[in-house]
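Trainee: I have a structure in front of me and would like to learn how to read its strands and helices. Could we go through it together, feature by feature?

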Amino acid sequence: MGGEEDEEPATKRMKVSSEELKGLSNGSSFIGPVSGSSSDLMARPLASEGDKVVVGSKGVIKREEFVRLIANALYTLGYKNSGAHLEEESGIPLHSSVVNLFMQQILDGNWDESVSTLCNIGLLDESVVKSASFLILEQKFFELLDEEKVMDALNTLRTEIAPLCINKSRVRELSSCIVAPSKCIKVGFPGKDTVRSKSRSKLLVELQKLLPPTVMIPESRLEHLVEQALLLQRDACIFHNSLDKEMSLYTDHLCGRDQIPSRTSQILQGHSDEVWFLQFSHNGNYLASSSNDRSAIIWEVDVNGGVSLKHRLCGHQKPVCSASWSPDDHELLTCGLEEVVRRWDVSSGECLHVYEKAGIGLVSCGWFPDGKCVFSGFNDKSICMWQLDGRELECWKGQRTLRISDLEITNDGKQIISICRETAILLLDREANTERLIEEDQTITSFSLSRDNRFLLVNLLDQEIHLWDIDGDLKLVAKYKGHKRTRFLIRSCFGGLSQAFIASGSEDSQVYIWYRESGELIEALPGHSGAVNCVSWNPVNPHMLASASDDHTIRIWGLNELTMKRKDTRTNGIHHCNGGN
């Protein structure tokens, strides 16, 4: 037993060419005795194990099924002789002799015999027999056409396939191949003798899906069960947050808290007043922050996770309340509080355009998914879409946004999301011109859209964060509690591997982290000396989290196991940009 081929077992096995087997997903798992009772051909099992009907400590695994799955896996891995020895020693055949004969007839192209054998397998469901017969006869039909035996193919269609009285639309497609043989490729048959063996092996795979698993074991069934067990363990692990974490079959999977960014690796002191907002770029290479000091900063993340100041963006006359990265991360929007929106070049730090309306203040900003247009919310409760050069394209007036409001647009560009009144979020479909509302009992302070656009994270006045499923019918699916919010605007975010975590700022100067699926609070990170207004999780590095505070600082959080390479706050690379006054 092992990776190398064993000597041939005493039991004679059917001979099938290696070329025919290449296309089979389960290798030679169909090989077996040609005829007679399989039990007569098998050696007697060990007395100590042979009488056990079930295996395992829980008594839920049927021994016969387990052995058959192991044999199937051995054949799939290419250990043909080992699989044959297992069948022989255990006395449990992978397939019955009738099924083995049936599979061999398929590979040999003995279509009439295979249909006859199919009826002898003992299938109780007549519809399954008909569907399997249809697939077999369809293959026969195609191969006859491939051999230019058009009349024989037509006869098969009329006297064998059509009388099954199923899949009439497919019958019409097959009949079109008689008139125009070139259509065979369009309806699924590749033709050519060189690929015929692969086509027959593919037919076996299709029949395997159709027939009951007790007759033909589903493809890679043991591998599927093992993968399922690993994934269930991973999904139940509330600290799972690493792309490089190797999951082993030798032990149950369980991550520790060391997978959660909970140690301050850097303190950034580039702002001179409260830091209100921050957001990592899509590629994770930059971090944008905005402040009550009327500036925004672009920070650069190096390959080791170190963060340094790249550009200080000056020009706003009022506090900068938010920022938004372009889809390609080459440009950045910053929004002054009821002032203007500025568009910046990330590489140079130059202000490229100022978006404004006379007498109306802008309160939010965002990008259209193609990066060719920008959106902004106004304090007159309207939302406008602009071309990059400042020309207004569309405007939605009415109760569309509040004085202080987040603004998001889905990746397909169809839905604009904004807070339309104190207790409601508007989902506006631009194309269908329809509206949906998320309505809460408490005042909404902010929201965040998940990367896959399926979920919305809503911060409420009553110190709760709600998770809404917005894919289809609107549904509240989770609540997160524990953080403090009484006076200020506090923002939360999705983050970590597969966005499996929720992080939030808090007025008690801590950063809170919950496991998204269960709502369990797993971390409360101290360090700041003022309210934490906003958090952002690096979308590329699940071990990197940033928080912005009223203490004028930004904290970068990493894993406890990492050694801090730089103890002093970075002050190099400061660059004052020409954003205006």
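Mentor: Let us begin with a definition: two strands pair if DSSP finds at least two bridges between them. Please keep in mind that this is a predicted model.

Trainee: Which residue stands opposite Arg263 in strand 30?

Mentor: Arg263 stands opposite Gly558 of strand 30, and the two strands involved, strand 3 and strand 30 (residues 554-558), run antiparallel and are joined by five bridges.

Trainee: In what order do the strands of that open sheet come?

Mentor: The sheet has four strands in the order 3-30-29-28, paired in antiparallel fashion. Its edges are formed by strand 3 (263-268) and strand 28 (532-537), each of which pairs on one side only, and between neighbouring strands there is a turn of 25° on average, with direction ignored.

Trainee: What is the order of the open sheet that contains strands 4 and 5?

Mentor: That open sheet also consists of four strands, here in the order 4-5-6-7 with antiparallel pairing, and its edge strands are strand 4 (275-280) and strand 7 (307-314). Its neighbouring strands are turned against each other by 20° on average, again ignoring direction. Within this sheet, strand 5 (residues 286-291) and strand 6 (residues 295-301) run antiparallel and share five bridges, and Tyr286 has Glu300 in strand 6 as its bridge partner.

Trainee: How are two packed helices described?

Mentor: They are described by the angle between their axes and by the distance between those axes. For helix 6 (residues 97-108) and helix 7 (residues 111-120), the axes come within 9 Å and cross at roughly 160°. Angles over 145 degrees count as roughly antiparallel, so helix 6 is roughly antiparallel to helix 7. Their crossing is left-handed.

Trainee: Which residues of helix 6 and helix 7 make the contact?

Mentor: On the side of helix 6 they are Val98, Leu101, Phe102, Gln105 and Ile106, while helix 7 contributes Trp111, Glu113, Ser114, Thr117, Leu118 and Asn120. By class, this contact has six nonpolar, four polar and one charged residue.

Trainee: At what angle do helix 7 and helix 8 pack?

Mentor: Helix 7 packs against helix 8 (residues 126-146) at an angle of about 175°, and their axes are 10 Å apart, which means that helix 7 is roughly antiparallel to helix 8. Among the residues that meet there are Trp111, Val115 and Leu118 in helix 7 and Val129, Ile136 and Lys140 in helix 8. The contact of helix 7 with helix 8 comprises eight nonpolar, three polar and three charged residues.

Conventions: Residues numbered from 1 in each chain as written. Predicted model: local features only at pLDDT ≥ 70, side-chain atom pairs only at ≥ 80, totals over all residues. Heavy atoms only, no water. Axes fitted to C-alpha atoms, helices over the stretch in contact; angles between N-to-C directions. Parallel < 35°, antiparallel > 145°, perpendicular 65-115°, else oblique. Left-handed = near helix turned anticlockwise from the far one by under 90°. Contact = heavy atoms within 4.5 Å. Nonpolar A, V, L, I, M, F, W, Y, C, P; charged D, E, K, R; others polar.
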